[in-house]
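Let's walk through this structure together, starting from one residue and working outwards. Keep the view open as you read.

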Amino acid sequence: MKINYKRLITSLVIPQLAGLIGSVANITSLDSWYLMLNRPSFNPPNWVFGPVWTLLFILMGLALYFVWEKKNFCTKKMIRAAMWLFGIQLVLNVLWSFLFFYFQNPTAAFIEIIILLGVIIWNILVFYRIDKKAGLFLLPYALWVSFATVLNWMFVVLN
């Protein structure tokens, strides 16, 4: 398989940029409001989130690349729809950070993360139909967001 480096780099950068935008919301709260919250016993230490999200964004970028490279094997309409869906879930991902951290609203973030998880699952199914690897590369993301959904719910309950 010939690697299209321009597409690969673009595919890897897009999710990392989304992560960077989302982290802007976190910066405003990690040293203040967030410290005051009651946490569930299974809440990971803060240092875990950066490396986990970096890895997940890399896997997401690779999944995007695999789908983008299938343009000769699928209709343009199918690839375009899959890429739009990917973009929607990225926007929802960023929105969660702003709802939870910037607006300090765990309840709104919980409602939004349920929608996000549904879109991620839909994205996995669409990507899997185009390229099995692409769908499988999004599974860790879905698992992590599932955990984050439970964690978010516990923040709502405990606070």
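Setting aside residues up to four places away in sequence, Asn 43 touches Tyr 34, Leu 151 and Phe 155. Keep in mind as you look at these contacts that the model is predicted. Asn 43 sits in the loop between α2 and α3. Is this loop residue buried or exposed? With a relative accessible area of 15%, Asn 43 counts as buried, because the cut-off for that label is under 20%. The loop residue also shows how the chain comes back on itself: Asn 43 and Asn 152 are 109 residues apart in sequence, yet their C-alpha atoms are 9.8 Å apart in space.

Asn 152 turns up again when you move to Phe 100. Leaving out neighbours within four places in sequence, Phe 100 is in contact with Asn 152 and Phe 155, as well as with Trp 33, Tyr 34, Leu 37, Asn 105, Pro 106 and Ala 109. Tyr 34 and Phe 155 are thus contacts of Phe 100 and also of Asn 43.

Phe 100 leads us to the largest nonpolar core, which has 47 residues. Which of its members touch the most others? They are Phe 100, Phe 127, Leu 138 and Tyr 141. The elements giving two or more residues to this core are α1 (5-27), α2 (33-36), α3 (46-68), α4 (76-102), α5 (106-130) and α7 (139-158). As general background, nonpolar side chains in soluble globular proteins tend to be buried together.

Tyr 141 brings us to another asparagine. Asn 93 belongs to helix α4, and at 8% relative accessibility this residue counts as buried too. Beyond its neighbours within four places in sequence, Asn 93 contacts Tyr 141, Trp 53, Phe 57, Leu 116 and Glu 112.

Now step back to the whole chain. How many helices and strands does it have? There are seven helices and zero strands, so the pattern along the sequence reads α-α-α-α-α-α-α. The radius of gyration is 16 Å, close to the 15 Å that the globule rule gives for 159 residues, so the chain is as compact as a globular protein of that length. Along its principal axes, the C-alpha trace spans about 50 × 25 × 25 Å.

Buried residues account for 43% of the 159. Of the contacts between residues at least 6 apart in sequence, 82% join residues at least 24 apart. The accessible surface comes to about 9,000 Å², with 73% of it belonging to carbon and sulfur atoms. Finally, the chain carries 12 positive and 4 negative charges, whose mean positions lie 15 Å apart.

Technical notes
Residues numbered from 1 in each chain as written. Predicted model: local features only at pLDDT ≥ 70, side-chain atom pairs only at ≥ 80, totals over all residues. Heavy atoms only, no water. Helix = DSSP H or I, 4+ residues; strand = E, 2+ residues; numbered from the N terminus. Rg over C-alpha atoms; globule rule 2.2 N^0.38 Å. Buried < 20%, exposed > 50% of the residue type's maximum accessible area, 1.4 Å probe, protein only. Contact = heavy atoms within 4.5 Å. Areas by Shrake-Rupley, 256 points an atom, 1.4 Å probe, with all protein chains shown as cover. Lys, Arg positive; Asp, Glu negative; His and termini not counted. Charge placed at Lys NZ, Arg CZ, Asp CG, Glu CD. Core = buried A, V, L, I, M, F, W, Y, C linked by side-chain atoms within 4.5 Å.
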